[in-house]
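The following exercises concern a ligand site, two pockets and some features of the backbone. Each task is followed by a solution in steps.

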Amino acid sequence: MIIIDLSERQNEIVNIVKKEGPIRGQDIAKRLSLTRAALRADLAILTMLGYLEARPRVGYYYSGKTITSLLVEGIKKIKVGDVQSVPVVLNQSQTVYDAIVSIFLEDVGTLFIINDLGFLEGVVSRKDLLKGLMGNSNSQNMPISMLMTRMPNVHYITENEDVFEAARRINEYEIDSLPVVERVDNGNSVSYTVVGRISKTNITRIFVELGEK
Ligand code: ADP
């Protein structure tokens, strides 16, 4: 769904259809003192954008979609895999010092922690690091695994899910980002490899892009 600003006339058409729909094209034209031909382009655009629906012999009626629902529809069409960022990943044996260096070098707020097999074990945020340093300033020796939020408590998402679902989880769990994972079935257990990252920043960017269209 494309989100664009409607012209004054298009808004008038939507309002007429909202009040009087289903209504035929020629009757809309009459209300606006225009010819049916002069309205053809606007009606085509409004139908294409999903504001109006057209039924043969019945006319146009309002699809009930508000700007908000069109925006949500737009967001639901974008897959996590299309907008995800590169994940910043550390091994669980690395230290708190390594984690702080990565956060500065890679300019991220959240690190994903993996085990020696490359599977997701945990997540470390900026506040986890601050908390760890408050009690123990020896960041060079402290393994990052001491501070991380561990599996199975890590919230994640997959590439095929939509961005709305990512935003919903980030909101619900009050976190800054989600690892994007691929599920690996090992027979009697399931592990996850980290293939991406989706954060509040990605979602804010999409929101601005959709708003600007
Ligand atoms: P910060 O703590 O820097 O404000 P967050 O709000 O993302 O950043 O993190 C809050 C807490 O939630 C931290 O303890 C962190 O380990 C944990 N956390 C962050 N991301 C996730 C996630 N995807 N799944 C589970 N826990 C997470």
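**Exercise 1. Describe the residue classes in the shell around the ligand, and state which elements supply it.**

Solution. The model is a predicted one.

Step 1. Sort the shell by class: it holds 4 nonpolar, 5 polar and 5 charged residues.

Step 2. Identify the residues closest to the ligand. The shell comprises 14 residues, and Ser125, Asp128, Thr149, His155 and Asp176 are the closest of them. A residue belongs to this shell if one of its heavy atoms lies within 4 Å of the ligand.

Step 3. Assign the shell to secondary structure. Strand E5 (120-125), helix H7 (126-135) and strand E8 (177-185) each contribute at least two residues. The greatest contribution, 3 residues, is that of H7.

**Exercise 2. Determine which polar atoms of Asp128, Asp176 and Ser177 pair with the ligand, and at what distances.**

Solution. The cut-off for a polar contact is a pair of N or O atoms within 3.5 Å.

Step 1. Begin with the side chain of Asp128: one of its N or O atoms is 2.5 Å from an oxygen atom of the ligand.

Step 2. Turn to the backbone. A polar backbone atom of Asp176 is 2.9 Å from an oxygen atom of the ligand. In Ser177, a backbone N or O atom lies 3.1 Å from a nitrogen atom of the ligand.

Step 3. Consider how far the protein covers the ligand. The ligand exposes 540 Å² when taken alone, and 84% of that is buried by the protein.

**Exercise 3. Locate the ligand with respect to the pockets, and characterise the largest pocket.**

Solution.

Step 1. Place the ligand: it sits in the largest pocket.

Step 2. State the volume of the largest pocket, which is about 400 Å³. Its lining has 15 residues, of which Ser125, Asp128, Glu174, Ile175 and Asp176 are the closest to the centre.

Step 3. Trace the lining to its elements. E5 and H7 are the elements that give two or more residues to it, and H7 provides the largest share, with 4 residues.

Step 4. Classify the lining of the largest pocket: 3 residues are nonpolar, 6 polar and 6 charged.

**Exercise 4. Give the same account for the second largest pocket.**

Solution.

Step 1. The second largest pocket encloses about 230 Å³ of space. Among the 14 residues of its lining, Val108, Gly109, Arg197, Ser199 and Thr201 are the closest to its centre.

Step 2. Strand E9 (190-199) and helix H9 (200-212) each supply at least two lining residues. The largest share comes from H9, with 4 residues.

Step 3. By class, the lining of the second largest pocket consists of 1 nonpolar, 7 polar and 6 charged residues.

**Exercise 5. Which peptide bonds that lead to Pro22 and Pro152 are cis, and where do these prolines lie?**

Solution.

Step 1. The bond from Gly21 to Pro22 is cis, with omega near 0°. Pro22 is placed in the loop between helix H1 (8-20) and helix H2 (25-31).

Step 2. Met151 and Pro152 are likewise joined by a cis peptide bond, for which omega is about 5°. The loop that holds Pro152 runs between strand E6 (149-150) and strand E7 (157-158).

**Exercise 6. What is the sign of phi at Ser33, and in which loop is this residue found?**

Solution.

Step 1. Phi of Ser33 is positive, about 50°, although the residue is not a glycine.

Step 2. Ser33 occupies the loop between H2 and helix H3 (36-49).

Terms used. Residues are numbered from 1 along each chain as its sequence is written. This is a predicted model: local features need pLDDT of at least 70, side-chain atom pairs count only at pLDDT 80 or more; totals for chains, interfaces and linings use all residues. Side-chain values use heavy atoms; hydrogens and water are left out. A polar contact is a pair of N or O atoms within 3.5 Å; within protein, one must be able to donate a hydrogen and the other to accept it, and residues adjacent in sequence count only if both atoms are side-chain atoms. Accessible areas come from the Shrake-Rupley method with a 1.4 Å probe; for residues, only the protein chains shown count as cover. On a 1 Å grid over the protein atoms alone, a cavity is a set of points where a 1.4 Å probe fits but cannot get out, and a pocket is an open set with protein on both sides within 12 Å along at least five of seven lines; lining residues have an atom within 4 Å of a point. A molecule sits in a cavity or pocket if more than half of its atoms lie within 2 Å of its grid points. Ala, Val, Leu, Ile, Met, Phe, Trp, Tyr, Cys and Pro count as nonpolar, Asp, Glu, Lys and Arg as charged, and the others, Gly among them, as polar. Grid points are joined across faces, edges and corners, and a volume is the space filled by probe spheres set on the points.
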